[in-house]
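Q: I'd like a close look at a single part of this protein, please. Keep it chatty, and start with the overall layout so that I can find my way.

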Amino acid sequence: MISQLLSAALLLPSLSAAAPDLTVMDFEGDSFGNWKATGEAFGKAPVAGSLQGQMPVSGFLGQRLLNGYHGGDDSTGELESPAFKIERKHLNFLIGGGKFPAETCIDLFVSGKVARTATGRFDQPGGTERLEWQSWDLSDLIGKSASLRITDKRKGTWGHINIDHIVQSDDPKVLELKKEFAIAGRYLVWPVTRDTTQKRRFFFNVDGQEQPLFYADICLSNNPDFWVFTDLANYQGRKITVTGSIPGLLADAWEKVKISPTYPGEDEIYREALRPQYHFTSRRGWLNDPNGLVWKDGTWHLFYQHNPYNHNWDNMSWGHATSSDLFHWKEGPNGLLPDAEGYMYSGSGVVAPKGSTGLPVKGEALVFAYTANGNHSYEPGRKVVQSIAFSEDGGKTFTKFAGNPVLPHVEAENRDPKIFWHAPSKHWVMPLYYDRSDYGIYTSPDLVKWEKTGDYKIPTDGECPDLFELPVDGDAKNTRWIVWGAQGKYMLGSFDGRVFKAESGPHQHYFGAAYAGQTYDNAPDGRRVHIGWMRDGGPGLQGAPFNLQMTLPMDFTLHRQGDGIRLRAEPSKEVEGLRADTKEWKDFTFEAGQTDPLSGFKGGQYEIEAVIDVASSTAAELGFRSFDDHPVIWKAADKTLSGAHGPQAPIDGKLKIRIFADTVSLEAFVNGTYTSRYIRQIPGTKPVRIVANGGSIKFDSLKVHTLKSAW
Ligand code: FRU
């Protein structure tokens, strides 16, 4: 027993204490010591930070570093170390500056040859002078004699290199990762921090293929705020290799990245405190614009701009959910993922009949047009272009067209193609956003060859075009075309399949948080169903593993009214399927001071539905306050609605108001215009009350419906 304890005690220190680090050079002295400098770039000694004309240098340790900016970018020079013996498994060092192999670099020489080399991170104007750790794995070179040479041969932008703290260590500061996972479970799970400065890039190769299938920037963490996942439902039974580099400190977190049939937090999904109960949110991560809205065979597809890995805009992918009723959504694996084309920006989808495309598809297919934002590619020289993807299995798997891009770069970050079939001209049409308030129109016989046919503007709006036709007051013989921008401004006019001619506008339909919406292609019964994104500039919902939501789905119609022809929206009728309990009051007059019929109603998720007879009402301000104090109040004097800025005339003497409250959002439809607010507050009860300032309100009817959760 005693001898066992003794041997355990003797073993312990050698197990836990790694051999101490050996400093090769810390660049703390007032000379380079026995290192040999030639040329101008490195000066005569380490320096205390930035040199004249240099951006602030940070990230170095101690008081000084080796700075290659003596005499600016155009100077050149070399610094050579004496020989030293490799005695630890890794060499760690801090490095910053130009990304020019063999020109701005640090090289390790063994037996007269370059055994390892590294550069800084930048070759374009911009960037940062912050030094970051790099580590070389030298385990195969232990015992050998080596030397280092730091080179600056480069002139011009980023023509310099900075180095600090070169240390031999058994603990790498940076781990170069490469791990193959057998995919025998739907998810590859990752523990992450909300701190988005911690992101590291990972590449994913399937079945040993050379070209990465996709890449992602993930904020891996030893103390996760939550877990995220890569959904590998479509790759079961195959192998995925993940490569990347992470700080050595994150070795524990990396060990936890694994294939699993579930993801941590899945048992609470859709029941989290801040989770909207009948608006679409993603299970994990950030979302913005709806993309690829298309209906096929009873299924509504909702794609969306998605960062699956954190609460912020990043990693732009197309998330994908499907529903048979626009409210009960099921999320599948992402449809489009960032790859060598760059980020997958917004776009649209259609059902393309057999023979209507130049794509390698056998029959009818779902076809998607998207913007590939090459500015985010890992391959230099990529541009912002328009590309095509298709699905032949009803939206389960997606193939990017081998002939991409179908439209080369035109200007700026040209983007957001919205495609549709124009039956009279028998060709496909694509409005495309250019820049400012400018859009172009392209047409194609086959979704592959595109020709420019027109231009238009939506003054004061931009991004995310939509272009569609609607009958006026339901009269199929009297139609107008609408061009729509991301802020919900639109022009009315005519469209001959090639050119849009504006008749009036811009008119404003949306108000509040909604942005970047689009309408469904191929919706049944001639419906024009629209979904927008509810944006919010804030820091996201603290603690929640998801961020932001879609608007209610709504149906668009066109009507002639006092101020001309205008677009109106009503919540899509499917919302009625969520009603659990309805209370109704008919034909009554309400005045301030009277008992509010809604006073007993404590809130939760609900819809208020009211028809007010304006002519018989005397109140100067009338409407509701919901969510404690958020007003939907109409002012009789100037016929405006709080929250909305435009005129809001009664229709046939009535105001028809529908208000929808969910966990963190409030939306109102008032005589066909739409306004919404994203309310980042701790959820609880959301009382609602009638507001009648300076008179009475005559209600034709007032209903309150509690709404069931869609989850
Ligand atoms: C609109 C938008 C689009 C772009 C996308 C990127 O919100 O800026 O123009 O395609 O978001 O996520």
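Into which domains is the protein divided, and which residues line the second largest pocket?

A: First, a word on the source: this is a predicted model, where local features need pLDDT of at least 70 and side-chain atom pairs count only at pLDDT 80 or more, while totals for chains, interfaces and linings use all residues. Numbering runs from 1 along each chain as its sequence is written, and side-chain values use heavy atoms, with hydrogens and water left out.

The protein splits into domain 1 (19-170), domain 2 (175-266), domain 3 (269-571) and domain 4 (573-707), with bounds from an automatic or database assignment. Between the C-alpha centres of domain 1 and domain 4 there are 67 Å.

Now for your pocket (on a 1 Å grid over the protein atoms alone, an open set of points where a 1.4 Å probe fits, with protein on both sides within 12 Å along at least five of seven lines). The second largest one holds about 780 Å³ of space, the volume filled by probe spheres set on the points. Its lining counts 42 residues, each with an atom within 4 Å of a point; closest to the centre sit Leu213, Gly335, Leu336, Leu337 and Lys400. Strands (DSSP E runs of at least two residues) that supply two or more lining residues are strand 18 (226-231), strand 22 (299-307) and strand 28 (399-400). Strand 18 contributes the most, with 3 residues.

Which domains are involved? Domain 2 and domain 3 each give at least three residues to this lining. Sorted by class, the lining has 21 nonpolar, 12 polar and 9 charged residues; Asp, Glu, Lys and Arg count as charged, Ala, Val, Leu, Ile, Met, Phe, Trp, Tyr, Cys and Pro as nonpolar, and the others, Gly among them, as polar.

Terms used. Helices (H or I, at least four residues) and strands (E, at least two) are DSSP runs, numbered from the N terminus.
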